[in-house]
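Here are some short exercises to work through with the structure open beside you. Try each task before reading its solution.

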Amino acid sequence: MNPSDRLVDTERGIVSREIFVNDGIFAEELEKLFARAWLFVGHESQIANPGDFFTSRMGGESVILVRDKQRQIHVFLNTCRHRGMKVCRYDEGNTPLFSCPYHNWSYATDGKLVGVPQHKDLYPDLDRSQWSLVEVPRMVNYKGTIWASWDPNAPEFTDYLGSGKDHLDQVLDCRDGREGGSEVFGGVHKWIIPANWKFAAENFCGDTYHNPSHRSVDLIGIGPSARSGDSGRRDNEYKGGQHVWVSHAAGHGTHSVWMPPAQDYVDSFQNDKIVSEYFRHCFHERKRRLGEKARLLPLTGTIFPNTSYHGRQPRNLCVWHPVSATQTEIWRFFLVDADAPAAVKDMLRRYYMRYSGPAGMTEQDDMENWNYATAASSGTIARRYPYNYQQSLGRVQRDAPVPGTVSVQVTEESARGFYASWQRFLDSADWETLIGRQPVRAAAE
Ligand code: FES
Ligand SMILES: [Fe+2]
């Protein structure tokens, strides 16, 4: 039997624990899912100048995101064509060449093999053009974020996003509604947890049901303004809005808030004139530019399979890199408008640290759950019992303000959509099916 058979039953809301702990299934994921899907690699602001590079990952493999001398962006597999050594062992930097430490073959920043020691004597017939660094066949710069796929036949990135695009746009665009314009600031937080990557990806699809886990941070007010009282984790920005949980065709899940049309700006920063004026300006300017679309405020989301975001409070992209069935390396990239005042960036930097990362107060709560759930699901007996995904089964909103499979009550519909897509990838479905020219639920049958 194919090990992925009958592990996911989204019609009944049942998912086998095996997909969270089984090494064979993990190997299948790398082959059938991570080698095909669009994956987030990094942000153009991390490689602003020619020769700048950022060493990233795609699935289980190291890749180099680099800007060449002509300012073109590339994504290369980080492995020498001679004997496989990593050609780049730094996290980031600037270089004219990637010189392999083993025997010193050297590659230019456009991937071409330009240096082979003693080539005249030892390799008189070597055709260097055939031995460039391996480059991803598909790469896109979407509003500053770089995404790549190993599948030459992958659909356009925006087709892959489908109805998830509007939600991601609100994360990447400037706070005042201008397109793009964000930058990654501060360092990238990186750490490893003993949990399967799907726990985190699924959670960010819109698991609102786990809010009791965050009771302590909700009580003390770690929001952007750091006011105690009613600020909670996120100040007042979303108050009065209609929450919408949306499952998108390719398995993305988003949790956003649809605000009332007459919503006015709530000032949480009376103590800081610059910050207060900045956010007031952004609020009104965004409303003016986007009109009805300004009503959509993103909270969290997952772009299938392993890129998640916090939409506004905080604002970041997060990648759940698969290490093994029971280990995940987390990378969190913090976003800010590149032209925001220094005082705003500083305020946000402090807020992001309070909230996120291995020492972030909210993030710690989540990791505890995923880590212990993985351990408690790994036993011989425990793994015989499937998980329950029946929350709000069949409760889908017909007249919703946004496209996709929408729920206006707390739901696991997006998690079901996520696993239905996961199953389709492991079944090696064609791209038409994967990006769902048909509804998620029908495709799961
Ligand atoms: S492995 Fe890179 S030069 Fe030999
Ligand atoms: Fe959480």
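**Exercise 1. Decide whether Tyr351 and Tyr352 are buried or exposed, then classify their ring pair.**

Keep in mind that this is a predicted model. Start with accessibility: Tyr351 and Tyr352 are both buried. Next, look at the rings, whose centres lie 6.1 Å apart with 50° between the planes. An angle under 30 degrees would count as stacked and one over 60 as edge-to-face, so this pair falls into the remaining class, tilted.

**Exercise 2. Classify the ring pair of Phe269 and Phe279, and find where the two residues sit.**

A search of the whole structure gives 31 aromatic pairs. In this one, the ring centres are 5.3 Å apart and the planes meet at 20°, so the pair is stacked. Now trace the chain: Phe269 is in the loop between strand S16 (253-258) and helix H8 (273-290), whereas Phe279 belongs to helix H8 itself, 10 residues apart from its partner. Finally, check burial, for which the limit is under 20% relative accessible area. Phe269 has 11% and is buried; Phe279 has 17% and is buried too.

**Exercise 3. Which protein atoms are donors of the iron ion (ligand 2), and why is their arrangement irregular?**

First, list the donors: NE2 of His210, NE2 of His214 and two OD atoms of Asp366, at 2.1 to 2.6 Å from the ion. Along the chain they follow the spacing H-x3-H-x151-D. His210 lies in the loop between helix H6 (197-204) and helix H7 (215-220), while Asp366 is 156 residues away in helix H10 (residues 361-377). His210 and Asp366 are each buried.

Then turn to the angles. The 4 donor atoms subtend 54 to 145°. Four donors count as tetrahedral only if all angles lie between 85 and 135 degrees. Square planar would require all angles except those between opposite donors to lie between 65 and 115. The range of 54 to 145° makes the arrangement irregular.

**Exercise 4. Find which residues touch the most other members of the largest nonpolar core, and describe the surroundings of one of them.**

In general, nonpolar side chains of soluble globular proteins tend to be buried together. Here the largest core has 73 residues, and Tyr160 and Trp422 touch the most other members. Helix H11 (residues 413-426) supplies the largest share of this core, 6 residues. Next, take Tyr160: beyond four places in sequence, its contacts include Trp38, His252, Phe304, Pro305 and Trp431. A separate core has 18 residues, including Phe269 and Met347.

**Exercise 5. Place Tyr419 in its setting.**

Tyr419 is found in helix H11, and its 0% relative accessibility makes it buried. It is part of an aromatic cluster whose members include Phe20, Tyr160, Phe304 and Tyr389. Outside four places in sequence, Tyr419 contacts Phe20, Lys198 and Tyr389, among others. Lys198 also lies over the face of Phe20, 5.3 Å from the ring centre.

**Exercise 6. Which residues precede Pro305 and Pro314 across cis peptide bonds?**

For Pro305, the partner is Phe304, with omega about 5°. Pro305 is in the loop between strand S17 (296-303) and strand S18 (307-310). For Pro314, the partner is Gln313, with omega about -15°. Pro314 lies in the loop between S18 and strand S19 (316-324).

Conventions: Residues numbered from 1 in each chain as written. Chains lettered and ligands numbered in written order. Predicted model: local features only at pLDDT ≥ 70, side-chain atom pairs only at ≥ 80, totals over all residues. Heavy atoms only, no water. Donors = N, O, S within 2.8 Å, 3.2 Å for Na, K, Ca; no water. Tetrahedral: all angles 85-135°; square planar, octahedral: opposite > 155°, others 65-115°. Helix = DSSP H or I, 4+ residues; strand = E, 2+ residues; numbered from the N terminus. Buried < 20%, exposed > 50% of the residue type's maximum accessible area, 1.4 Å probe, protein only. Phe/Tyr/Trp six-rings, centres within 6.5 Å; stacked < 30°, edge-to-face > 60°. Lys NZ or Arg CZ within 6 Å of the ring centre and 35° of its normal. Core = buried A, V, L, I, M, F, W, Y, C linked by side-chain atoms within 4.5 Å. Contact = heavy atoms within 4.5 Å.
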